[in-house]
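Reader: I should like to examine how the descriptive terms for this model are justified. May we take the structural assignments in turn and set each against its criterion?

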Amino acid sequence: MAWSASQYVKFEDERTRPARDLLAQVPLERISKAIDLGCGPGNSTELIIDRYGKEAVSGLDSDLNMLEAARKRLAGTTFTEADLATWQPDEPADLFFANAVFQWLPNHLDIFDRLMDGLARGGVLAVQMPDNLGEPTHLLMEESAHAGPWKTAFEIKTPRRNPLPPPSAYYSRLIGKSARVDIWHTIYNHPMADAEAIVEWVKGTGLMPYLAAAGQEHREAFLADYLARVEKAYRKMPDGRVLLRFPRVFMVAVKS
């Protein structure tokens with residue numbers, strides 16, 4: 001699945017806020033090596049550079065479009081193409097930072113275990129993931145998937161990603177190699193211009209595999225069906241805008 005950096009950054013302020021909130025809880029005064037895992041267009045990488053300095057920070061992503069955008073944004077910073085499902089660090093790092101990437105990898109608990117081994121003593125694994133599969137945005141994707149002439153494409157396999165494990169599963173997996181594990185949820189309520197803005201938001205993330213499955217022939221009809229459902233689900237506020245409720249889970253593990 002190819003990602004679109006230009007689509008992603010349409011809501012850069014809202015997408016960067018969780019990364020900023022996660023970084024604020026990283027208990028490291030200084031570092032010698034940090035890697036932004038799933039760096040996307042470099043918005044989260046820039047936050048880490050602002051805190052720790054350009055020399056200490058690099059990024060990696062599996063998508064060439066995202067990497068191209070990141071390199072344009074942060075010239076001189078090293079960005080590497082890599083698949084997080086199999087990637088191994090070549091030397092111990094002080095910080096592995098991951099903003100909204102591991103929800104796409106069903107085996108990320110195993111990956112976290114491997115990443116903890118790649119940290120220096122006292123190093124930090126800092127992760128944020130959307131936990132929004134129960135929100136109307138994602139439930140309505142499933143409704144639209146089975147509501148039109150494209151529905152046969154969804155009968156064999158749904159593009160719906162797996163729900164996240166409970167916090168206890170993360171704690172149990174991380175605590176064996178950690179001096180401290182902090183896990184918390186934050187629910188953001190983003191004011192959006194209208195229902196179309198919500199659709200534009202998810203077109204850069206969760207809706208992408210649904211549109212890919214529906215195919216180019218049905219793309220516009222699928223979007224129209226989905227938009228109509230979103231318009232009914234999100235009530236307008238007094239100022240005419242709508243609130244996009246967006247739960248996210250955060251975790252910070254400090255290696256023992």
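**Strand pairing, burial and cores**

Author: Strands β1 (residues 34-37) and β2 pair in the parallel sense, over 4 bridges. The model is a predicted one.

Reader: What makes β1 and β2 a pair of strands?

Author: Two strands pair if at least two bridges are found between them. β1 and β2 have 4 bridges, so the criterion of at least two is met. One of the residues concerned is I35, whose bridge partner in β2 is S58. From β1 the chain passes through helix α3 (residues 43-52) to β2, in a right-handed β-α-β crossover.

Reader: How do you know that β2 and β3 pair as well?

Author: β2 and strand β3 (residues 79-81) share 3 bridges in the parallel sense, and therefore satisfy the requirement of at least two. Here D61 stands opposite E81 in β3. The connection from β2 to β3 runs through helix α4 (residues 64-73), and this β-α-β crossover is right-handed.

Reader: Why is β2 called mostly covered?

Author: For strand β2 (residues 57-61), 5 of its 5 residues are buried; because buried means under 20% relative accessible area, each of these residues falls below that cut-off. The burial applies to both faces: V57, G59 and D61 lie on one side, and S58 and L60 on the other.

Reader: What is the order of the strands in the open sheet?

Author: The sheet has 7 strands, in the order β3-β2-β1-β4-β5-β7-β6, and its pairing is mixed.

Reader: Why are β3 and β6 said to stand at the edges?

Author: β3 and β6 (178-192) each have a single partner strand, so one side of each is left without a neighbour in the sheet. On average, neighbouring strands of this sheet are turned by 15° against each other, direction ignored.

Reader: In which sense do β5 and β7 pair?

Author: Strand β5 (residues 119-130) and strand β7 (residues 242-255) pair in the antiparallel sense over 7 bridges. In β7, R248 is the bridge partner of P130.

Reader: Which helices lie across these strands?

Author: Helix α7 (residues 167-175) lies across β5, β6 and β7, at about 145° to β6. Helix α8 (residues 195-203) lies across β6 and β7, at about 30° to β7.

Reader: Why is N99 classified as buried or exposed, whichever applies?

Author: N99 has a relative accessible area of 4%. Buried means under 20%, and N99 is therefore buried. The residue is placed in strand β4 (residues 93-99).

Reader: What makes the approach of N99 to Q128 a polar contact?

Author: The side chains of N99 and Q128 are 2.6 Å apart; the cut-off is 3.5 Å, so this distance falls within it.

Reader: Why does D117 count as partly exposed?

Author: The relative accessibility of D117 is 49%. Exposed means over 50% and buried under 20%, with partly exposed in between, so D117 is partly exposed. D117 lies in helix α5 (residues 108-117) and touches K177 and K255, not counting residues up to four places away in sequence.

Reader: Which residues touch the most other members of the largest nonpolar core?

Author: They are L95, L207 and F222, in a core of 52 residues. Apart from this core lies another, of 28 residues, including A98, L105, M116 and L164. Leaving aside neighbours within four places in sequence, L207 is in contact with M141, V199, V202, F222, L223 and Y226.

How values were computed
Residues are numbered from 1 along each chain as its sequence is written. This is a predicted model: local features need pLDDT of at least 70, side-chain atom pairs count only at pLDDT 80 or more; totals for chains, interfaces and linings use all residues. Side-chain values use heavy atoms; hydrogens and water are left out. A nonpolar core is a set of buried Ala, Val, Leu, Ile, Met, Phe, Trp, Tyr and Cys residues joined through side-chain atoms within 4.5 Å. Buried means under 20% relative accessible area, exposed over 50%, partly exposed in between (1.4 Å probe, protein chains only). Contact means heavy atoms within 4.5 Å. Helices (H or I, at least four residues) and strands (E, at least two) are DSSP runs, numbered from the N terminus. A polar contact is a pair of N or O atoms within 3.5 Å; within protein, one must be able to donate a hydrogen and the other to accept it, and residues adjacent in sequence count only if both atoms are side-chain atoms. A crossover is right-handed if, with the strands pointing away from the viewer, the path from the first strand over the helix to the second runs clockwise. Axes are lines fitted to C-alpha atoms, for helices over the stretch in contact, and angles run from 0 to 180 degrees between N-to-C directions.
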